Amino acid sequence: MADRDRASNPAQRPTRTATSNATPNNHVSTFLRKLQSHAPNSTQFMGILTLLISGSILLLLIGITVTALVMGLVFFTPLIIVSSPIWFPIGVLLFFAAAGFFSVCGFLVATIGGLSWMYRYYRGMHPPGSDRFDYARSRIYDTASHVKDYAREYGGYLQSKVKDAAPGA
């Protein structure tokens with residue numbers, strides 16, 4: 001009965017002190033509140049779940065692939081060793097055939113690209129690099145005209161020297 005009287009009278013209720021706040025339940029509830037405030041929302045949760053599922057599937061597929069590769073090597077190594085005198089020449093032949101094929105394809109692509117550029121240039125469409133081509137062409141033309149003028153002057157000088165050396169010629 002004394003407990004009931006104390007609970008109904010606020011002056012007689014026990015007060016909490018700083019040491020009474022440090023109960024284990026209070027620490028747990030504070031931790032849970034902090035955890036709840038940092039909890040991911042549903043979009044983040046679905047992203048994490050998707051990441052875990054796809055990562056697990058990929059890890060499983062990698063394991064199956066590595067296992068199949070090792071088992072294949074175990075079973076087929078004797079066959080590969082016994083038939084290696086046949087595989088090496090075939091491999092060399094296939095390598096050179098593939099290298100030749102890719103070289104021809106590369107040269108063909110380069111030729112088509114060059115012809116396409118030339119077509120666009122002569123049609124006046126100004127493809128990339130046409131300004132540098134025009135500049136180089138003007139430099140070559142200027143140099144050729146300077147050489148021509150110099151040759152004319154030098155050629156005239158030589159003609160006069162020849163006449164001086166042989167006046168009757």
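Student: Which residue just after helix 4 takes a positive phi?

Tutor: Most residues other than glycine have a negative phi. Here G124, just after helix 4, takes a positive phi of about 85°. H126 also has a positive phi, about 50°, although it is not a glycine. H126 sits in the loop between helix 4 and helix 5 (130-165) and is exposed, with a relative accessible area of 61%. Exposed means over 50% relative accessible area, buried under 20% and partly exposed in between (1.4 Å probe, protein chains only).

Student: On what basis are such features reported?

Tutor: This is a predicted model, in which local features need pLDDT of at least 70, side-chain atom pairs count only at pLDDT 80 or more, and totals for chains, interfaces and linings use all residues. Residues are numbered from 1 along each chain as its sequence is written, and side-chain values use heavy atoms, leaving out hydrogens and water.

Student: Where in the chain is confidence lowest, and where highest?

Tutor: Where pLDDT (the predictor's confidence in each residue, from 0 to 100) is low, the predicted coordinates should not be read in detail. Confidence is lowest in helix 1 (residues 2-8), at a mean of 52, and highest in helix 4, at 95. The chain mean is 83, and 78% of the residues reach 70 or more.

Student: How many helices and strands does the chain have?

Tutor: Helices (H or I, at least four residues) and strands (E, at least two) are DSSP runs, numbered from the N terminus. The chain has five helices and zero strands.

Student: At what angle do helix 3 and helix 4 pack?

Tutor: Two packed helices are described by the angle between their axes and the distance between the axes. Helix 3 (residues 42-82) and helix 4 pack at about 75°, with axes 5 Å apart. They are therefore roughly perpendicular to each other (65 to 115 degrees; under 35 is roughly parallel, over 145 roughly antiparallel, the rest oblique). Axes are lines fitted to C-alpha atoms, for helices over the stretch in contact, with angles from 0 to 180 degrees between N-to-C directions.

Student: How many aromatic pairs does a search of the whole structure find?

Tutor: The search finds six. One of them, W117 with Y121, is stacked, at 5.2 Å centre to centre and 5° between the planes. Rings of Phe, Tyr and Trp (its six-membered ring) pair if their centres lie within 6.5 Å; planes under 30 degrees apart count as stacked, over 60 as edge-to-face and the rest as tilted. Both residues lie in helix 4 (residues 84-122), four residues apart, about one turn of the helix. Y121 counts as buried, at 12% relative accessibility. Ring pairs link W117, Y121, Y122 and F133 into a cluster.
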